[in-house]
Amino acid sequence: MDFNVKKLASDAGVFFTRAVQFTEEKLGQAEKTELDPHLENLITRADCTKNWTEKILKQTEVLLQPNPSARIEEFIYDKLDKKLPSRTTNAELLGQYMLEAAIEFGPETPYGKTLITVGEYQKRLGGAEREFLHTSAATFLSPLRNFLEGDWRTISKERRLLENRRLDLDICKARLKKAKQAEAKAAAAPDFQETRPRNYVLSASASAAEHELRVAQTEFDRQAEVTRLLLEGISSTHLNHLRCLQDFAEAQATYYAQCHHYMQDLQRELNSGLFMVPIRLCANAVSAPHSSASVCPNPVSPAFLSGPASSGATIPSSSSSSQKPVTLAMEQSQLPITGARKARVLYDYDAHDTSELSLLADELITVYTVPGMDPDWLIGERGNEKGKVPVTYLELLS
């Protein structure tokens with residue numbers, strides 16, 4: 001107990017002495033030992049590395065996880081050294097909602113089929129995002145955190161020790177200077193009546209101060225060397241962070257390439273004709289476009305119009321009193337589209353190039369097809385203008 005009390009008192013005295021020395025240095029009342037320029041440059045470089053690493057780490061976390069609550073949850077699990085529960089990405093959640101909606105609307109309906117297709121690709125996008133987040137956390141975020149929580153803490157600790165050694169050195173220099181001044185003053189005016197000459201005592205005090213100064217200088221030099229070696233390791237840290245940055249950029253490029261590939265596949269599937277909006281094929285005359293008899297209850301797709309027809313094509317009836325399919329003759333179910341005929345435009349359409357014809361909703365144009373032409377397109381004429389038009393924008397008239 002006595003040892004602990006004495007040590008506590010000694011530490012308190014050292015702390016108070018250092019505080020006085022530090023305050024006097026700030027006020028310009030005491031001399032300060034300057035570090036060598038190389039060590040000062042290393043310290044400045046290390047501080048710059050620490051500050052920018054913190055900013056890059058924080059902004060990368062925001063980029064990968066924009067939700068602040070989720071970031072706080074990840075931080076708590078990391079501090080508790082527990083595994084973070086698997087979290088569903090927004091794309092995966094959207095895909096799941098689309099699949100559930102398709103079941104409600106009917107998976108065999110055009111809308112239901114499209115929901116299923118798009119929902120599956122949304123889940124693939126979510127899986128790619130999950131893999132990107134995992135890879136980025138392992139190859140980029142973790143090394144940056146390890147530097148700030150490991151290497152930088154060690155560097156900061158050694159720098160605090162170096163600062164304490166410097167303060168101790170300056171205190172010893174101040175004591176020696178005062179002892180030398182007192183010794184010189186006593187030598188100038190000796191008192192021979194003293195039993196023990198005062199200059200003898202002052203000489204012994206100066207010798208003790210010189211010894212303390214040598215010990216403090218040795219400890220300061222040793223600590224400066226340790227700190228210098230740690231600070232020079234910042235160059236290795238930069239090389240490590242460079243490799244991590246390259247891995248992060250590669251993971252990012254892989255993620256965006258996967259997303260691009262998935263979206264291209266999705267567009268090809270949606271444009272394959274299986275998910276095209278069907279055309280309303282009506283047998284009404286051009287002179288009575290809005291009569292009740294002009295509405296065709298069952299849309300017919302372009303593939304049906306251009307493909308071969310059987311002698312007994314079946315079309316489901318729209319009557320509420322009967323749900324049985326009605327068999328129609330081939331002459332009634334398929335109208336020839338190789339010859340010129342009239343068509344009403346359903347929606348506005350802007351031509352993408354000179355080979356296409358721009359359309360306005362509700363206008364009437366003449367359309368026909370040519371051998372070998374894409375079944376999703378027809379040749380449209382309006383006065384002296386002619387060009388390709390998409391069949392999904394037309395209502396063919398008899």
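How many residues does helix 2 have, and how far does helix 2 reach from its first C-alpha to its last?

1. Helix 2, which runs over residues 37-64, has 28 residues and reaches 40 Å from its first C-alpha to its last, and this is close to the 40 Å expected at 1.5 Å a residue. The model in which this helix appears is a predicted one, and the values in the points below should be read with that in mind.

2. For the overall layout, there are nine helices and seven strands in the chain. Buried residues account for 30% of the 398 residues. Among the contacts in the chain with a separation of 6 or more, 64% come from residues 24 or more positions apart.

3. Returning to helix 2, its buried residues are Leu39, Leu42, Ile43, Ala46, Thr49, Thr53, Leu57, Thr60 and Leu64. Two of these names come up again further on: Leu39 as a member of the largest nonpolar core, and Thr53 as a contact of His241.

4. The largest nonpolar core has 41 residues, and those that touch the most other members are Leu35, Leu39, Phe132, Phe140, Leu162 and Leu231. Helix 2, helix 4 (90-105), helix 5 (110-188), helix 6 (198-232) and helix 7 (234-270) each supply at least two residues of this core, with helix 5 giving the most, at 17 residues. For a closer view of one member, Leu162 is in contact with Leu35, Leu39, Phe220, Gln223, Ala224 and Thr227, once its neighbours within four places in sequence are left aside. A second core, separate from this one, has 12 residues, including Ala343, Leu357, Leu378 and Val389.

5. Helix 7 can be checked in the same way as helix 2. Its 37 residues should span 54 Å at 1.5 Å a residue, and because its end C-alpha atoms are 53 Å apart, the two values agree. The buried residues of helix 7 are Ile234, Thr237, His241, Cys244, Phe248, Ala251, Tyr255, Cys259, Tyr262, Asp265 and Leu266.

6. Which residues does His241 contact, leaving aside its neighbours within four places in sequence? His241 is found in helix 7 and counts as buried because its relative accessibility is 12%, where buried means under 20%. Its contacts, with those neighbours left aside, are Thr53, Pro143, Leu144 and Phe147.

7. Leu270 also has its place in helix 7, but it counts as partly exposed, at 25% relative accessibility. Leu270 and Thr114 are 156 residues apart in sequence, while their C-alpha atoms are 7.7 Å apart in space.

8. A search of the whole structure finds eight aromatic pairs. In one of them, the rings of Phe147 and Trp152 have their centres 6.3 Å apart and their planes at 50 degrees, so this pair is tilted. Phe147, which is also a contact of His241, counts as buried at 2% relative accessibility, and Trp152 is buried as well, with a relative accessible area of 9%.

9. Is the pair of Tyr347 and Tyr393 stacked or edge-to-face? The ring centres are 5.8 Å apart and the planes stand at 85 degrees, so the pair is edge-to-face. It links distant parts of the chain, 46 residues apart, with Tyr347 in the loop between strand 3 (341-345) and strand 4 (364-368) and Tyr393 in the loop between strand 6 (385-390) and strand 7 (394-396). Tyr347 is partly exposed, with a relative accessible area of 44%, and Tyr393 is also partly exposed, at 25%.

10. Ring pairs also link Phe132, Phe140, Phe248, Tyr255 and Tyr256 into a cluster. Of these, Phe132 and Phe140 are among the residues that touch the most other members of the largest nonpolar core, and Phe248 and Tyr255 are among the buried residues of helix 7.

11. Two lysines are placed over tryptophan rings. The charged end of Lys55 sits over the ring of Trp52, 4.5 Å from its centre, and Lys388 lies over the face of Trp377, at 5.2 Å from the ring centre.

12. On cysteines, the structure holds zero disulfides. A disulfide is a covalent bond between the sulfur atoms of two cysteines. Cys244 counts as buried at 7% relative accessibility, and Cys259 counts as buried at 15%; both are listed among the buried residues of helix 7.

Key. Residues are numbered from 1 along each chain as its sequence is written. This is a predicted model: local features need pLDDT of at least 70, side-chain atom pairs count only at pLDDT 80 or more; totals for chains, interfaces and linings use all residues. Side-chain values use heavy atoms; hydrogens and water are left out. Rings of Phe, Tyr and Trp (its six-membered ring) pair if their centres lie within 6.5 Å; planes under 30 degrees apart count as stacked, over 60 as edge-to-face and the rest as tilted. Buried means under 20% relative accessible area, exposed over 50%, partly exposed in between (1.4 Å probe, protein chains only). Helices (H or I, at least four residues) and strands (E, at least two) are DSSP runs, numbered from the N terminus. A charge sits over a ring if NZ of Lys or CZ of Arg is within 6 Å of the ring centre and within 35 degrees of the ring normal. A disulfide is a pair of cysteine sulfur atoms within 2.5 Å. The expected span of a helix is 1.5 Å times one less than its number of residues. A nonpolar core is a set of buried Ala, Val, Leu, Ile, Met, Phe, Trp, Tyr and Cys residues joined through side-chain atoms within 4.5 Å. Contact means heavy atoms within 4.5 Å.
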